[in-house]
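Student: I would like to learn how to read contacts, symmetry and empty space in a model with several chains. Where should we begin?

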4 protein chains.
Amino acid sequence: MSYEKNRLLIQTLRECVEACNYCFQACLKEENVKMMVECIRLDRECADMCAFLERELTIDSSFAHDLAEICSKICEACGNECQKHEHDHCQKCAESCFKCAKACKDIA
Amino acid sequence: MSYEKNRLLIQTLRECVEACNYCFQACLKEENVKMMVECIRLDRECADMCAFLERELTIDSSFAHDLAEICSKICEACGNECQKHEHDHCQKCAESCFKCAKACKDIA
Amino acid sequence: MSYEKNRLLIQTLRECVEACNYCFQACLKEENVKMMVECIRLDRECADMCAFLERELTIDSSFAHDLAEICSKICEACGNECQKHEHDHCQKCAESCFKCAKACKDIA
Amino acid sequence: MSYEKNRLLIQTLRECVEACNYCFQACLKEENVKMMVECIRLDRECADMCAFLERELTIDSSFAHDLAEICSKICEACGNECQKHEHDHCQKCAESCFKCAKACKDIA
């Protein structure tokens with residue numbers, strides 16, 4: 001994978017990690033937290049998966065392509081859940097997740 | 001720190017990681033999830049802090065003592081929250097957290 | 001996946017994490033560290049991948065099967081490298097890695 | 001801690017994570033890897049500590065201040081080691097580490 005493509009993916013993953021973690025803590029503060037349960041669960045998984053792939057890319061891992069494939073699936077699942085909710089943090093998170101899912105699929 | 005003490009601490013941290021992660025996903029399934037919000041938040045932090053310290057111990061880090069001090073605080077906070085709830089997973093998690101808080105304080 | 005199978009896999013992953021992290025720091029102390037470079041690199045990746053999968057299993061992630069497939073590949077790569085070296089920590093690590101690779105493949 | 005200060009710190013931590021991980025894999029490729037052993041060891045610890053603190057900040061953890069204090073120590077230790085070596089990746093890493101150590105101390 002070219003260095004430049006790598007840099008863009010790292011940046012996209014980073015934004016997704018932050019969006020998911022922000023959404024995670026914001027969901028926990030929502031009045032109707034019951035409705036946000038799947039979102040909370042997936043936000044944690046997606047943030048940690050993206051952070052893991054990002055780390056693997058920075059150490060030039062041979063397994064980055066394989067991990068990117070799964071990361072793409074998790075981002076998509078998280079984006080699908082987030083987009084159901086109209087909270088700003090969910091909508092913003094869904095956007096980051098879909099962007100990241102696509103970027104991961106491109107290198108997988 | 002002696003190797004044996006180290007081994008016991010690693011085991012205690014491990015049990016705390018599992019108890020917190022189990023409690024995390026069980027809390028998300030509770031009927032009254034609103035009441036569990038602080039528990040969910042602290043379970044994640046406590047699990048990840050304990051996992052981090054455990055890792056640092058296995059690579060013989062010079063910063064393990066400093067990290068154990070904070071880990072002790074996080075375990076105590078998580079234990080204090082968990083013990084308020086009568087769910088089995090919370091009570092078991094509180095027990096693991098307090099045991100781990102003590103073990104961390106001992107080496108800090 | 002049955003709970004019991006899950007428990008055994010978590011235990012196997014845990015042993016692999018510890019063997020890899022122990023091997024990582026022991027390799028760095030070897031006289032001929034130049035020869036251990038690939039081992040050091042893979043020990044870190046394998047430890048962190050196994051720790052990640054272990055965490056995903058404890059929170060009952062839907063992506064555990066996919067992750068187990070990659071984890072199996074990384075364990076195999078790390079085991080193949082470690083078994084080339086006659087140091088005790090490398091031989092022990094190779095054994096843990098191959099055991100873990102098999103356990104991961106079984107659930108993938 | 002104000003949101004803006006938080007944002008700057010997250011960015012500084014992020015740069016430090018990347019510099020450390022880049023230095024880690026570059027050190028492993030150096031001809032004289034024996035000389036880089038401490039650097040490799042500290043790069044891993046520093047990268048992972050900074051990544052952990054960064055995550056804690058994004059979920060608005062109450063323990064961020066305590067963690068920042070230790071993170072500052074680890075960054076300083078890593079910076080001190082890296083600056084001994086004239087490789088570009090070490091000098092760049094030292095710079096990121098010292099910047100990050102200072103930023104962490106400011107909020108600790």
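Tutor: Begin with the salt bridge: a side-chain nitrogen of Lys or Arg within 4 Å of a carboxyl oxygen of Asp or Glu. Here Arg44(B) forms one with Asp48(A), and the closest N and O atoms are 3.4 Å apart. This is a predicted model, in which local features need pLDDT of at least 70, side-chain atom pairs count only at pLDDT 80 or more, and totals for chains, interfaces and linings use all residues. Residues are numbered from 1 along each chain as its sequence is written, chains are lettered from A and ligands numbered from 1 in the order in which they are written, and side-chain values use heavy atoms, with hydrogens and water left out.

Student: How many salt bridges are there between chain A and chain B?

Tutor: The count is 2. Across the interface of chain C and chain A the rule finds 4. Lys73(C) forms a salt bridge with Asp66(A), with the closest N and O atoms 3.1 Å apart.

Student: How is the extent of an interface read?

Tutor: The size of an interface is often given as the accessible area lost when the parts come together. Buried area is taken here with a 1.4 Å probe and summed over both parts. Chain A and chain B bury about 1,200 Å² between them, 59% of it on carbon and sulfur atoms. Leu28(A), Lys34(A) and Arg44(A) supply 49% of the area that chain A buries against chain B, more than any other three residues. Between chain C and chain A the buried area is about 1,800 Å², with 62% from carbon and sulfur atoms. On the chain C side, Glu45(C), Phe63(C) and Ile70(C) lose the most area to chain A, together 31% of what that side buries.

Student: How many residues does the contact take from chain A and from chain B?

Tutor: With contact meaning heavy atoms within 4.5 Å, the contact takes 13 residues from each of chain A and chain B. For chain C and chain A, each side gives 20 residues.

Student: By what turn can chain A be laid on chain B?

Tutor: Copies are superposed by least squares on the C-alpha atoms of residues with pLDDT of at least 70 in both. A turn of 180° and a shift of 0.0 Å along the axis lay chain A on chain B with an RMSD of 0.0 Å. That is the relation of a two-fold axis. The same surface serves both copies, as 100% of the contact residues of chain A recur in chain B.

Student: And empty space?

Tutor: On a 1 Å grid over the protein atoms alone, a cavity is a set of points where a 1.4 Å probe fits but cannot get out; a pocket is an open set with protein on both sides within 12 Å along at least five of seven lines; lining residues have an atom within 4 Å of a point. Points are joined across faces, edges and corners, and a volume is the space filled by probe spheres set on them. The search finds 1 cavity of 30 Å³ or more. The largest cavity has a volume of about 870 Å³, and its 38 lining residues include Phe52(A), Asp48(B), Phe52(B), Phe52(C) and Phe52(D), which lie nearest its centre.

Student: What is the volume of the largest pocket?

Tutor: About 1,200 Å³. Of its 46 lining residues, Gln11(A), Arg14(A), Glu18(A), Gln11(D) and Arg14(D) are the closest to its centre.

Terms used
Buried area is the accessible area (1.4 Å probe) that two parts lose on being put together, summed over both.
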